[in-house]
Amino acid sequence: MSYVLSRLSSKKEVDRAIKETEDKVLVLRFGKENDLVCMQLDEILAKNQHAVSQMATIFIVDIDSVPVYARYFDITLIPATVFFFNGQHMKVDWSTPDHTKFIGSFKCSQDFIDVIEVVYRGAMKGKLIVESPIAPQDVPKYSLLYKEI
């Protein structure tokens, strides 16, 4: 289903999308095209692209084509979904140690739509971090391992 979604394949394209997307949530899905979990997430994103088109623009980014952003957002697990609004990185409290990105796939389409609505409404109010509408048990769990500390 990822063929339906627009792709960004360079740092310049990602930068332009972040800067030029106005009054909409920018959804960047970092991952790999042939990863099973990425394909599952891509299906959810593609099916709901039209439903959230008034509030969000969705792009998929191959993690290998933009290593600068992979390092910047510390993307070590894929898929990682990052949200922006008017060039500002939006954070979501997922009840996990990392508020900068969502790791894994959403359980269902409604979870994704709910997240977009919450991020959009929070951003329109000037908030930079919002509470996740997804129940904590539905958020994929992982451990953060810090190297060389």
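**View 1. The largest nonpolar core and its best-connected residues.** In this predicted model, in which local features need pLDDT of at least 70, side-chain atom pairs count only at pLDDT 80 or more, and totals for chains, interfaces and linings use all residues, the largest nonpolar core has 28 residues, and those with the most contacts inside it are Phe83, Phe106, Phe112 and Ile116. Residues are numbered from 1 along each chain as its sequence is written, and side-chain values use heavy atoms, with hydrogens and water left out. A nonpolar core is a set of buried Ala, Val, Leu, Ile, Met, Phe, Trp, Tyr and Cys residues joined through side-chain atoms within 4.5 Å, where buried means under 20% relative accessible area, exposed over 50%, and partly exposed in between (1.4 Å probe, protein chains only). The elements that give two or more residues to this core are S2, H2, S3, S4, S5 and H4, and H4 gives the most, with six residues. These labels follow DSSP runs numbered from the N terminus, with helices (H or I) of at least four residues and strands (E) of at least two. Leaving out residues up to four places away in sequence, Phe112 touches Val27, Ile44, Leu45, Asn48, Val52, Ile58 and Phe106, a contact being heavy atoms within 4.5 Å. A second, separate core of 19 residues includes Phe30, Phe59, Phe73 and Ile103.

**View 2. Helix H4 and the elements it packs against.** The 16 residues of helix H4 (residues 109-124) should span 22 Å at 1.5 Å a residue, and this agrees with the 23 Å between the end C-alpha atoms; the expected span is 1.5 Å times one less than the number of residues. Which residues of H4 are buried? They are Asp111, Phe112, Ile113, Val115, Ile116, Val119, Gly122 and Ala123. The buried residues of H4 pack against strand S2 (25-31), helix H2 (36-48), strand S3 (56-62), strand S4 (80-85), strand S5 (88-93) and strand S7 (129-131). Just after H4, Gly126 takes a positive phi of about 90 degrees.

**View 3. Strand S4 and its pairing partners.** Because six of the six residues of S4 are buried, this strand is largely enclosed by the rest of the structure. Ala80, Val82 and Phe84 point one way from S4, while Thr81, Phe83 and Phe85 point the other way. Two strands pair if DSSP finds at least two bridges between them. S4 pairs with S2 in the antiparallel sense over six bridges, with Arg29 and Thr81 as bridge partners. The pairing of S4 with strand S6 (residues 102-103) is also antiparallel, over two bridges, and here Thr81 has Phe102 as its bridge partner. S4 and S5 pair in the antiparallel sense over three bridges, and Phe84 stands opposite His89 in S5. The hairpin of S4 and S5 has two residues between the strands; Asn86, in this loop, has a positive phi of about 50 degrees although it is not a glycine, and is partly exposed, with a relative accessible area of 40%.

**View 4. The surroundings of His89 in strand S5.** His89 is found in strand S5 and counts as buried, at 13% relative accessibility. The side chain of His89 reaches the backbone oxygen of Thr100 at 2.9 Å. Leaving aside neighbours within four places in sequence, His89 is in contact with Phe73, Val82, Phe83, Phe84, Thr100 and Leu128.

**View 5. Aromatic pairs between distant parts of the chain.** The structure holds nine aromatic pairs, in which rings of Phe, Tyr and Trp (its six-membered ring) have centres within 6.5 Å, with planes under 30 degrees apart counted as stacked, over 60 as edge-to-face and the rest as tilted. Phe30 and Phe73 form a tilted pair, 6.2 Å centre to centre with 50 degrees between the planes. This pair links Phe30 in strand S2 with Phe73 in the loop between helix H3 (67-72) and S4, 43 residues apart. Phe30 is buried, with a relative accessible area of 0%, and Phe73 is buried at 5% relative accessibility. Phe85 and Tyr120 form an edge-to-face pair, 6.1 Å centre to centre with 75 degrees between the planes, which links strand S4 to helix H4 across 35 residues. Ring pairs also link Phe30, Tyr69, Tyr72, Phe73 and Phe84 into a cluster.

Notes:
A polar contact is a pair of N or O atoms within 3.5 Å; within protein, one must be able to donate a hydrogen and the other to accept it, and residues adjacent in sequence count only if both atoms are side-chain atoms.
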